[in-house]
Amino acid sequence: MAKLGKFEVLDHPLIQHKLTIIRNENCGTREFRQVVNEIAELMAYEVSRDMPLEDYEVKTPITKTVQKRLAGKKVVIVPILRAGLGMVDGILELIPAAKVGHVGMYRDEKTLKPTEYFVKMPDNLASRDIFIVDPMLATGGSAIMAVDALKKRGAVNIKFVCLVAAPEGVKALRDAHPDIDVFAASLDDHLDENGYIVPGLGDAGDRLFGTK
């Protein structure tokens, strides 16, 4: 029987404080980009909490000792283009040896359905820990398609990491892929008629890259 993934809101005070900064409509592109990376780095501490350790012998200036180091699987960060790119550098600050894959999705503004247009991954996904990152989990369509794309290529240990989630998106993702862990900095109230998260933080891609 496959494991049941969890949904967790990371309510650390620093994460919540920084999330309030980027919710502000007057937060400029430079500050928005910087703070998104800071939140991603803070979230990475919690997301990586269950990474396995192994014994490792090291010689200190005083003596030999057996301590702990990371064991087993290597991490791959997979941003959903384009907004997910804003979270990559923050996680790399914490896990600099991680590899980075990319999944390109765009949302049809009328149907709100995602379409995959680009996938580029490291090899041996089955032996890696995968962190899919995207600032928003709105309808859940892009997240579901990204997980589909990775599973199709052999990935088995997948976590989805976002800043702001809507209940509708969380339910859709967990219904489609109940085995993956989902982490958010906030579970917001609902989606509006245009598929935007309320209260949300606007279009994360536009705010990260200064586009309209």
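Here a biologist and a modeller talk through how some residues of this predicted model get their labels.

Biologist: Before we start, what should I know about the model and its numbering?

Modeller: Residues are numbered from 1 along each chain as its sequence is written, and side-chain values use heavy atoms, with hydrogens and water left out. This is a predicted model, where local features need pLDDT of at least 70, side-chain atom pairs count only at pLDDT 80 or more, and totals for chains, interfaces and linings use all residues.

Biologist: Thanks! Why is D188 called buried?

Modeller: Buried means under 20% relative accessible area, exposed means over 50%, and partly exposed is in between, with a 1.4 Å probe and protein chains only. D188 has 7% relative accessibility, so D188 counts as buried.

Biologist: Where does D188 sit, and how is a loop told from a strand there?

Modeller: Helices (H or I, at least four residues) and strands (E, at least two) are DSSP runs, numbered from the N terminus. D188 lies in the loop between strand 11 (181–187) and strand 12 (190–191).

Biologist: What makes the pairing of D188 and S186 a polar contact?

Modeller: A polar contact is a pair of N or O atoms within 3.5 Å; within protein, one must be able to donate a hydrogen and the other to accept it, and residues adjacent in sequence count only if both atoms are side-chain atoms. The side chains of D188 and S186 are joined at 2.7 Å, so this pair fits within 3.5 Å. The side chain of D188 also reaches the backbone nitrogen of G200, at 2.8 Å.

Biologist: Which residues further along the chain does D188 touch?

Modeller: Contact means heavy atoms within 4.5 Å. Leaving aside neighbours within four places in sequence, D188 is in contact with R23, V164, A165, P167, I197, V198, P199 and G200.

Biologist: P199 is on that list. What makes the peptide bond from V198 to P199 stand out?

Modeller: The bond from V198 to P199 is cis, with omega near 0°, and P199 lies in the loop between strand 13 and helix 6. Another cis peptide bond runs from L81 to R82, with omega near 5°. R82 is found in the loop between strand 4 (74–81) and helix 3.

Biologist: How do you know which positions are marked "binding site"?

Modeller: That comes from UniProt, in an unreviewed entry, which places the feature at I197, G202, D203 and A204. UniProt also places a "binding site" feature at a longer list of positions, including R82, G140 and D203. UniProt positions are given in the numbering used here, feature names are shortened, and annotations may be inferred rather than shown by experiment.

Biologist: Why is D203 called partly exposed?

Modeller: D203 has 30% relative accessibility, which lies between 20% and 50%, so D203 counts as partly exposed. D203 is in the loop between strand 13 and helix 6, and touches R82 and Y196, not counting residues up to four places away in sequence. The side chain of D203 reaches the backbone nitrogen of G205 at 3.0 Å.

Biologist: And are G202 and G140 buried or partly exposed?

Modeller: G202 has 39% relative accessibility, so G202 is partly exposed; G202 is in the loop between strand 13 (197–198) and helix 6 (204–209). G140 has a relative accessible area of 4%, so G140 is buried. The place of G140 is in the loop between strand 9 (136–137) and helix 4 (141–152).

Biologist: Why is N124 called exposed?

Modeller: N124 has 52% relative accessibility, which is over 50%, so N124 counts as exposed. N124 lies in the loop between strand 7 and strand 8 (128–133). The phi of N124 is near 55°, a positive value in a residue other than glycine.

Biologist: Finally, what makes L92 partly exposed, and which residues does L92 contact?

Modeller: L92 has a relative accessible area of 23%, so L92 falls in the partly exposed range. L92 is in helix 3 (residues 85–94). Leaving aside neighbours within four places in sequence, L92 is in contact with I77, A98 and V100.
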